[in-house]
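Please open the model in your viewer and keep the sequence beside it, since this tour moves from one selection to the next. At each stop, make the selection and then read what is there.

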Amino acid sequence: MVAEWTAAGPDDPLLLPPSRILVAGVSGSGKTTLAGRIAALTGIPHTEIDALHHGPGWVPRGEFVTEVRELVGRERWITEWQYSQVRELLAERADVLIWLDLPFTRVVLPRLVQRTLRRRWHREVLWNGNVEPPLWTVLRDSDHVVRYAVTGRRKYHQKIPALAAARPELPIIRLRSPAQVERWMSGPLRDVVARPPRL
């Protein structure tokens, strides 16, 4: 049983400028988009973890764990908190985690379906030459991104409290709506970035 805990919200100030940032959330919640926006505001490099994981033909790359180890050894980075092989490794080095806990049916699922349809229709090339599979595969592929999101939409409600118990010193910011994302970006994050460095 994980002890009760309280995450920070969109208006809670950041005590220090973050250097190693994780963005968590179910597929379609906007992790990569938010990570890119944070990178643009802070100047911290963003590495899209899907690009490290997926090789040609959607086969996981053998170098994945090694490259994540190299990534987290750097002083400044932003990435998404995904993949069971490296979640603990990422969490050990992070100095802040942002949890996109957006309404699934109203916000996340429509975004995910629209994104999947767009990528398939336009044959968008994703990581290492991959493209979205035919739409009918959602009916029989349990790992299809839409089915994976539907079945796993509650997993972060267990994983993040467990992380909070294991690393109580790690700031965790829980954003529950697109409006809260904007408030946090234009409030606490912008404020800490603009703060003069300590001498």
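Begin by selecting strand β3, residues 96-100, together with strand β4; in this predicted model the two run parallel and are joined by four bridges. To see one of the pairings, highlight I98 in β3 and then look across to β4, where its bridge partner is I173.

Stay with β4, which covers residues 172-175, and show its side chains. I172 and R174 point one way from the strand, while I173 and L175 point the other way, and all of them are buried.

Next, select strand β1, residues 20-24, and ask which strands it is joined to. Four bridges join β1 to β3, and these two strands run parallel; four bridges also join β1 to β2, again with the strands running parallel. A good residue to highlight here is I21, which stands opposite V96 in β3 and has I78 as its bridge partner in β2.

Now show the side chains of β1 and follow their directions along the strand. R20, L22 and A24 point one way, whereas I21 and V23 point the other way. Are these residues buried or exposed? Five of the five residues in β1 are buried, and the strand is therefore described as mostly covered, given that buried means under 20% relative accessible area.

Move on to strand β2, residues 77-80, and select T79, which lies within it. T79 counts as buried because its relative accessibility is 0%. Its side chain makes a polar contact with the side chain of E80, at 3.4 Å. To explore the surroundings of T79, leave aside the neighbours within four places in sequence and display the residues in contact with T79: these are I21, L22, V23, H46, T47, E48, I49, L71 and L90. I21, L22 and V23 may be familiar from the stop at β1, residues 20-24.

From that list, take L71 as the last selection, and you will find that L71 lies in helix α3, residues 64-72. Why does L71 count as buried? L71 is buried because its relative accessible area is 2%. Apart from neighbours within four places in sequence, L71 is in contact with T47, W77 and T79, so that the view leads back to the residue examined at the previous stop, T79 in strand β2. Finally, select the C-alpha atoms of L71 and I49, which are 22 residues apart along the chain, and check the separation between them, which is 9.9 Å.

How values were computed. Residues numbered from 1 in each chain as written. Predicted model: local features only at pLDDT ≥ 70, side-chain atom pairs only at ≥ 80, totals over all residues. Heavy atoms only, no water. Buried < 20%, exposed > 50% of the residue type's maximum accessible area, 1.4 Å probe, protein only. Pairing = 2+ DSSP bridges. Polar contact = N/O pair within 3.5 Å; in protein donor to acceptor, adjacent residues only side chain to side chain. Contact = heavy atoms within 4.5 Å.
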